[in-house]
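Below is a short report on one protein model. It covers the fold, the nonpolar cores and the salt bridges.

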Amino acid sequence: MIGVLQRVTQARVDVAGESIGEIAAGLLVLLAVEPTDTAAEADRLADRLIRYRVFADEAGRMNLSLLDTGGSLLLVPQFTLAADTGKGLRPSFTGAAPPGLGEALFERTAQSARALLGQQRVATGRFGAHMQVSLTNDGPVTFWLQCTANPATGPQA
């Protein structure tokens, strides 16, 4: 699974002119599911997102997580993050999971995040929908996280 996380002062996602998810300060995460991903990767990524220390402490160092700050999380599905852009002028999306798996693991990530952070602090976009995402990036602070499975050792991050 791939997550691009952005520290934000606010973010929202709209579908067909209607706001379906909105947060104040916290993290906006664009999330892609890859074909070999499992529930273990979804749970691991949710845990990392909630505990990732990207917020400033009293000394100004990135040392606090969403758990520490009381911030919120907006998860937005974005299969294009798994694109192969190595050749030609058109991306290939063979690196993205099939829609059924993608949606199931996106929802699993959201459920895991809600279990860790609380129902009211996690909002989502809509899988398969054409969305408009707006945000105010704080910093800017943006990180790319990937959780993959190794058959011998299990999920890695």
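Which pattern does the protein follow, read along the sequence? The pattern is β-β-β-α-β-β-α-β-α-β-β-β-β. The model is a predicted one.

**Overall fold**

Three helices and ten strands make up the count of elements. The radius of gyration is 15 Å, close to the 15 Å that the globule rule gives for 157 residues, so the protein is as compact as a globular protein of that length. The C-alpha trace spans about 45 × 45 × 30 Å along its principal axes.

Contacts reach far along the chain. Take those between residues at least 6 apart in sequence: 72% of them join residues at least 24 apart.

Of the 157 residues, 39% are buried. The accessible surface comes to about 8,200 Å². Carbon and sulfur atoms account for 51% of that surface.

**Nonpolar cores**

In soluble globular proteins, nonpolar side chains tend to be buried together. Here the largest nonpolar core has 26 residues. Leu27 and Leu73 have the most contacts inside this core. Several elements feed the core: strand S3 (26-32), H1, strand S6 (72-77), H3 and S8 each supply at least two residues.

What does Leu73 touch, leaving out residues up to four places away in sequence? The list is Ile23, Leu27, Val29, Ile50, Leu66, Ala113, Leu117, Arg121, Val122 and Ala123. Leu27, the other residue with the most contacts inside the core, is thus named among the partners of Leu73.

Another core lies apart from the largest one. This second core has twelve residues, among them Ala11, Val13, Leu74 and Val76.

**Salt bridges**

How many salt bridges does a search of the whole structure find? The search finds five. The table gives three pairs, with the N to O distance for each.

| Residue | Partner | N to O distance |
|---|---|---|
| Arg7 | Asp138 | 3.3 Å |
| Arg12 | Asp14 | 2.9 Å |
| Asp43 | Arg108 | 2.6 Å |

Start with Arg7 and Asp138, whose side chains meet in a salt bridge. Arg7 lies in strand S1 (residues 2-15) and Asp138 in strand S8 (residues 131-146), so the pair ties together parts that are 131 residues apart in sequence. Is Arg7 buried or exposed? Arg7 counts as buried, because its relative accessibility is 11%, under the 20% cut-off. Asp138 has 30% relative accessibility and counts as partly exposed.

Arg12 and Asp14 form another bridge. Arg12 is partly exposed at 26% relative accessibility. Asp14 has a relative accessible area of 16% and is buried.

Next come Asp43 and Arg108, joined through their side chains. Asp43 belongs to helix H1 (residues 39-51) and Arg108 to helix H3 (residues 99-117), so this salt bridge ties together parts that are 65 residues apart in sequence. Both ends count as partly exposed: Asp43 has 26% relative accessibility, and Arg108 has 32%.

Which residues do salt bridges that share partners join into one network? They are Arg44, Asp47 and Arg51.

**Summary**

Two elements recur in this account. H1 supplies at least two residues of the largest core and holds Asp43, which pairs with Arg108 of H3. S8 also supplies at least two residues of that core and carries Asp138, the partner of Arg7 in S1.

Notes
Residues are numbered from 1 along each chain as its sequence is written. This is a predicted model: local features need pLDDT of at least 70, side-chain atom pairs count only at pLDDT 80 or more; totals for chains, interfaces and linings use all residues. Side-chain values use heavy atoms; hydrogens and water are left out. A salt bridge is a side-chain nitrogen of Lys or Arg within 4 Å of a carboxyl oxygen of Asp or Glu. Helices (H or I, at least four residues) and strands (E, at least two) are DSSP runs, numbered from the N terminus. Buried means under 20% relative accessible area, exposed over 50%, partly exposed in between (1.4 Å probe, protein chains only). A nonpolar core is a set of buried Ala, Val, Leu, Ile, Met, Phe, Trp, Tyr and Cys residues joined through side-chain atoms within 4.5 Å. Contact means heavy atoms within 4.5 Å. The radius of gyration is taken over C-alpha atoms; the globule rule is 2.2 Å times the number of residues to the power 0.38. Accessible areas come from the Shrake-Rupley method with a 1.4 Å probe; for residues, only the protein chains shown count as cover.
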